[in-house]
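Please load the model in your viewer and keep the selection box handy. We will go stop by stop, with what to select and what to look for.

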Amino acid sequence: MQTADEQLKVEYEKEARQLDEDFLLNQMEADEAENSEGEEEDIYVTKIYFCSRTHSQLSQFVGEVLKSPYSHTVRSVSLGSRQNMCINGDVNRLKSLTLINDRCKELQKNSSKKSTSETGKRRKQGGCCPYYNQSRIRHLTERALLEVKDIEDLVKTGKKVKACPYYAARRSVPASQLVVLPYNTLLHNSTRKASGIQLKDNIVIIDEAHNLLETISNIHSVEVFESQLVQARSQLEQYRDKYRSRLLPLNLLHVEQLINIMSEFIMYLNNEGNTKLLTVNDFLSACNLDNINFFALIRFCEKLQIARKLSGFVGHVKNKVKNDDEQCSSSAKAIETKQSGISSLLQKIKHSDTPSCHEAEIDGEEKQVREEFNVPGMSSPLYLIENLLQTLTNSDEDGRVIVKQTKKHNAEEVTSSIRYLLLNPAIYFSKLVEECRSVIIAGGTMQPVSEFKEQLFQIGQITPERILEFSCGHVISAENILPIALSHDSKGNTLDFTYQSRNNSTTLDSLSQILLEVSSCVPGGVVCFLPSYQYENVVINHLHKTGVYPKIAANKKIFREPKTAGMVDGVLETYSKAIKNTGGALLFSVVGGKMSEGINFCDDLGRCVVMVGLPYPNIHSAELKEKMNYLNRTMKVSADGMLPGQVHYENLCMKAVNQSIGRAIRHKNDYASILLVDHRYHKPSVIQKLPGWLRDHVRKLSSNQSAVTSMKEFFSRCSSNS
């Protein structure tokens with residue numbers, strides 16, 4: 001006769017087996033659903049892919065398409081992430097993109113999931129997404145193709161017809177003639193495939209391409225932390241142990257290889273004490289992994305979608321733990337009643353003062369499950385590790401592996417990571433060029449263009465005769481801009497904002513006086529760009545310390561760029577209101593920050609842009625050093641004798657400058673002054689790298705008074721003409 005504990009154990013094992021079978025069935029049915037979805041996409045037309053950096057820029061482009069003669073004839077669709085397109089309130093409130101993706105896939109799987117009841121009838125499981133309805137999604141797809149819509153319009157229509165805009169947009173791609181999408185979706189190969197984008201014989205337009213080189217490098221550079229390796233290894237080990245008997249021998253071998261690779265990575269990180277920079281082959285050899293066929297392993301991961309299956313397994317276990325917690329929290333009276341095997345056992349373990357050996361064993365297993373799987377932010381980091389393995393198939397010359405050990409601030413804890421740094425973006429971009437009929441790279445601040453030719457096209461074996469270059473001037477007349485390069489202050493002190501000199505009290509005093517005089521003579525808004533957030537704090541503190549801050553505030557209300565993207569719109573709104581209500585405002589921004597790109601300071605929002613110093617990147621960065629060394633090895637010395645690495649270093653700085661000063665002058669009737677504050681702006685080599693519409697009109701002045709006089713005359717003339 002069975003004891004109560006033995007009965008509970010039998011019920012526990014029976015329910016666990018049923019849950020495992022349901023999980024495997026769900027995985028197979030989800031695969032079938034994805035395959036059937038792809039089968040519907042049997043038409044494909046020649047199309048133009050237009051991509052840009054941000055969704056706001058894409059929306060602006062769609063707005064221009066609506067104004068064109070083709071607005072009623074072109075079939076267009078805008079693609080975006082789930083974060084931008086999800087209309088399920090329970091999902092899009094999760095904030096994290098990873099959480100949103102995981103939850104969406106889980107609900108999608110539940111929507112396709114069916115199980116057979118004891119009577120033989122089919123019944124639908126709960127926890128589905130109400131918007132993942134195939135007939136309604138088809139209806140929304142048809143409506144999306146009838147007229148040009150941006151993401152916001154598609155989301156509104158999706159809410160109205162109660163259909164998922166994300167999947168409707170993806171299904172609209174084959175029949176669309178114009179596909180509008182963000183950078184990452186086009187430039188990342190696996191994302192491109194997942195979105196159903198076919199480049200063969202189609203046209204690609206890349207707008208706002210000034211940072212294209214850095215964007216491609218960042219997309220294909222991967223960093224994995226030791227904690228993620230430990231977590232993924234533990235999850236994969238439990239997945240292997242659970243389904244060992246159901247895995248084919250070759251698949252089991254690949255799973256074991258993945259576990260072994262992660263173990264070797266962890267061991268290497270624990271043995272290394274300092275940051276190291278290695279070639280791919282040296283890194284694999286140091287990890288004792290140079291005998292692994294990574295190409296075969298990656299094919300296995302892609303074919304069986306092991307990362308998605310592990311993510312589903314993690315979600316399955318988390319849901320089981322959550323359900324057990326809900327049942328365990330029931331009242332004491334409910335505990336005494338007949339319950340399911342798992343919840344009864346968990347309640348017994350939880351409330352027993354003297355647990356048996358078996359109960360203690362289950363409790364330890366339950367604790368481990370919670371630690372391994374109940375982690376917010378990502379169901380499984382195996383997706384990230386797969387990306388790292390993919391990069392390790394690149395040649396030694398195209399990238400480097402950086403092994404980092406970073407000690408946390410005021411703590412003994414050390415954070416270890418493995419980062420792959422892509423040095424040659426051409427290996428990915430050349431594949432895109434080979435497939436397309438033509439590729440157009442466009443932007444308002446593309447100078448210097450030679451960098452694109454050399455690093456993207458020539459290294460990518462694209463012949464010069466295939467490259468056509470077109471450049472045009474600005475829409476405004478020369479009378480509407482006043483660019484000034486200021487080398488000295490009113491006392492004759494050199495304006496030197498190099499890293500070594502910019503914190504000097506004399507330099508800060510000079511900048512304070514310049515800002516005070518500009519705030520008094522410029523109408524409307526003034527935007528001051530500084531090299532970093534740290535230096536912005538130094539400047540603001542100095543203004544307070546010397547009493548200049550309240551003097552400037554008496555002329556213009558002062559604002560600072562927020563460090564979080566969510567606060568940008570609020571700051572811009574209050575900045576705009578201050579200009580409208582008081583006649584002026586001063587906004588401190590950071591080069592490369594939230595407001596140096598994609599923000600339009602037109603008309604009174606930006607009558608003057610003050611660029612303080614030259615924002616060179618950190619020359620001591622290991623990544624930058626290796627990039628410069630790579631360019632020195634693979635490219636020719638420039639015509640003026642500069643090494644390619646040094647040219648790249650200067651180009652990074654000047655592209656950031658050009659982007660920042662381009663925030664003003666946004667239409668043909670606009671006017672503004674550009675004040676370049678640093679003696680180095682007098683150098684011909686620096687002026688040569690400014691935009692063409694600005695370069696030929698720069699006035700080299702050597703005192704505050706001369707600059708202020710010129711600005712007063714300029715604004716007096718422009719205001720009288722407007």
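A word to settle before the first stop: a residue is called buried under 20% relative accessible area, exposed over 50% and partly exposed in between, using a 1.4 Å probe and protein chains only. Helices (H or I, at least four residues) and strands (E, at least two) are DSSP runs, numbered from the N terminus. This is a predicted model, in which local features need pLDDT of at least 70 and side-chain atom pairs count only at pLDDT 80 or more, while totals for chains, interfaces and linings use all residues. Residues are numbered from 1 along each chain as its sequence is written, and side-chain values use heavy atoms, with hydrogens and water left out.

**Stop 1: strand 15**

Select 584-590, which is strand 15. How many of its residues are buried? The count is 7 of 7, so to speak a strand that is mostly covered. Colour the two faces separately: Gly584, Leu586, Phe588 and Val590 are buried on one side, and Ala585, Leu587 and Ser589 are buried on the other.

**Stop 2: the sheet around it**

Now widen the selection to the open sheet, where 7 strands follow the order 14-15-13-16-17-12-18 with parallel pairing. Two strands pair if DSSP finds at least two bridges between them. At the edges you will find strand 14 (557-560) and strand 18 (699-701), each of which pairs on one side only. Neighbouring strands are turned by 20° against each other on average, direction ignored. Axes here are lines fitted to C-alpha atoms, for helices over the stretch in contact, and angles run from 0 to 180 degrees between N-to-C directions.

Return to strand 15 and look at its partners. Strand 13 pairs with strand 15 in the parallel sense over 7 bridges, and Leu530 has Val590 as its bridge partner there. Strand 14 also runs parallel to strand 15, joined by 4 bridges; in this pairing, Arg560 has Phe588 as its bridge partner. Next, select strand 13 (residues 524-530) with strand 16 (residues 608-612), a parallel pair with 4 bridges. Val526 stands opposite Cys608.

**Stop 3: two helices on the sheet**

Add helix 24 (residues 533-546), which packs on the sheet and touches strand 13, strand 14 and strand 15. Contact means heavy atoms within 4.5 Å. The direction of helix 24 makes about 140° with that of strand 15. Helix 26 (residues 568-582) packs on the sheet too, touching strand 13, strand 14 and strand 15, and its direction makes about 155° with that of strand 15.

Inside helix 26, pick Val571. Is Val571 buried or exposed? It counts as buried, because its relative accessibility is 13%. Leaving aside residues up to four places away in sequence, Val571 touches Arg560, Pro562, Leu587 and Met595. Try a distance label too: the C-alpha atoms of Val571 and Glu561 are 7.4 Å apart, with their positions 10 residues apart along the chain.

**Stop 4: helix 31**

Select residues 704-721, helix 31. Its buried residues are Asn704, Ala707, Val708, Ser710, Met711, Phe714, Phe715 and Cys718. Look down the axis: these buried residues fall within an arc of 165°, so they line one face of the helix. The arc is that of the directions from the helix axis to the C-beta atoms. On the face turned away from the buried side are the exposed residues Glu713 and Ser720. What covers the buried residues includes strand 12 (481-486), helix 23 (505-521), strand 16, strand 17 (672-677) and strand 18.

**Stop 5: aromatic pairs**

Over the whole structure there are 12 aromatic pairs. Rings of Phe, Tyr and Trp (its six-membered ring) pair if their centres lie within 6.5 Å; planes under 30 degrees apart count as stacked, over 60 as edge-to-face and the rest as tilted. Show Tyr166 and Tyr167: their ring centres are 5.0 Å apart and their planes are at 90°, so the pair is edge-to-face. Both Tyr166 and Tyr167 are buried, and they form one aromatic cluster with Tyr132.

Finish with Tyr239 and Tyr243, an edge-to-face pair at 5.2 Å centre to centre and 65° between the planes. They are 4 residues apart in helix 12 (residues 226-243), so about one helical turn separates them. Tyr239 counts as buried at 5% relative accessibility, and Tyr243 counts as buried at 2%.

How values were computed. The expected span of a helix is 1.5 Å times one less than its number of residues.
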